[in-house]
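This report looks at the surroundings of one helix and at the aromatic ring pairs of the chain.

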Amino acid sequence: MSEAASPVSAEERELLLSRIRDVADYPLPGVMFKDITPLLADHQAFTVLTDSLARICTERGATKVVGLEARGFILGAPVAVRAGVGFVPVRKAGKLPGATLAQSYELEYGTGEIEVHAEDLDAGDRVLIVDDVLATGGTAEASLQLVRRAGAQVAGFAVLLELGFLGGRERLTPSLEDVPLEALVTV
């Protein structure tokens, strides 16, 4: 994403990036894990993050925020409160009681499945999907499909951090169908 199109200023981007810690060889050897807990612990950085995502929510005319398990809950819930809209959690299969809609997706080494309460989204909803990291795009793609299957319109997809070298944006492009994908920080 070009600097001119960035949803955050250069100073805000640097603040956010400075609070994301690299953890080598976690959870497996050779993986560089991006730990956002230092950012969450820093009031100023967490406020910049929340305000930036809430601004995207408002600009996109969203009526609900969908947060993806698990860190998408931490980011999405305060964004929904700040933007004055509802929050809907998308969980891993088997974690929600009652009637759910499910969506399977491919992983490197198998499959996964996410679910949403069937009654939490409807045709009148415009949804901003929020997550912490866009990596390979599998969960993101499944969430787009799930929201649409629930009858809602996807207003946008926003993440704190995009790992550009993993190709998630390219994978998502056909599924986005012109829905904006916004990353506050791309590495």
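## Helix α6 and its surroundings

The elements that cover the buried residues of α6 include β7 (126-134), α5 (138-149) and β9 (181-186), where contact means heavy atoms within 4.5 Å and helices (H or I, at least four residues) and strands (E, at least two) are DSSP runs numbered from the N terminus. This is a predicted model, in which local features need pLDDT of at least 70 and side-chain atom pairs count only at pLDDT 80 or more, while totals for chains, interfaces and linings use all residues. Residues are numbered from 1 along each chain as its sequence is written, and side-chain values use heavy atoms, with hydrogens and water left out.

Within α6 (residues 168-176), Gly168, Leu172, Ser175 and Leu176 are buried (under 20% relative accessible area, with exposed meaning over 50% and partly exposed in between, for a 1.4 Å probe and protein chains only). Because these residues cover an arc of only 95° around the axis, they lie on the same side of α6, the arc being that of the directions from the helix axis to the C-beta atoms. Glu170 and Pro174 are exposed on the face turned away from that buried side, and Glu177, which follows α6, has a positive phi near 50°.

## Aromatic pairs

Two aromatic pairs are counted under the rule that ring centres of Phe, Tyr and Trp (its six-membered ring) lie within 6.5 Å, with planes under 30 degrees apart taken as stacked, over 60 as edge-to-face and the rest as tilted. The rings of Tyr26 and Phe33 have centres 5.2 Å apart and planes at 80°, so this pair is edge-to-face.

The rings of Phe73 and Phe87, with centres 6.4 Å apart and planes at 85°, also form an edge-to-face pair. This pair links distant parts of the chain, with Phe73 in helix α4 (residues 71-83) and Phe87 in strand β4 (residues 86-92), 14 residues apart.
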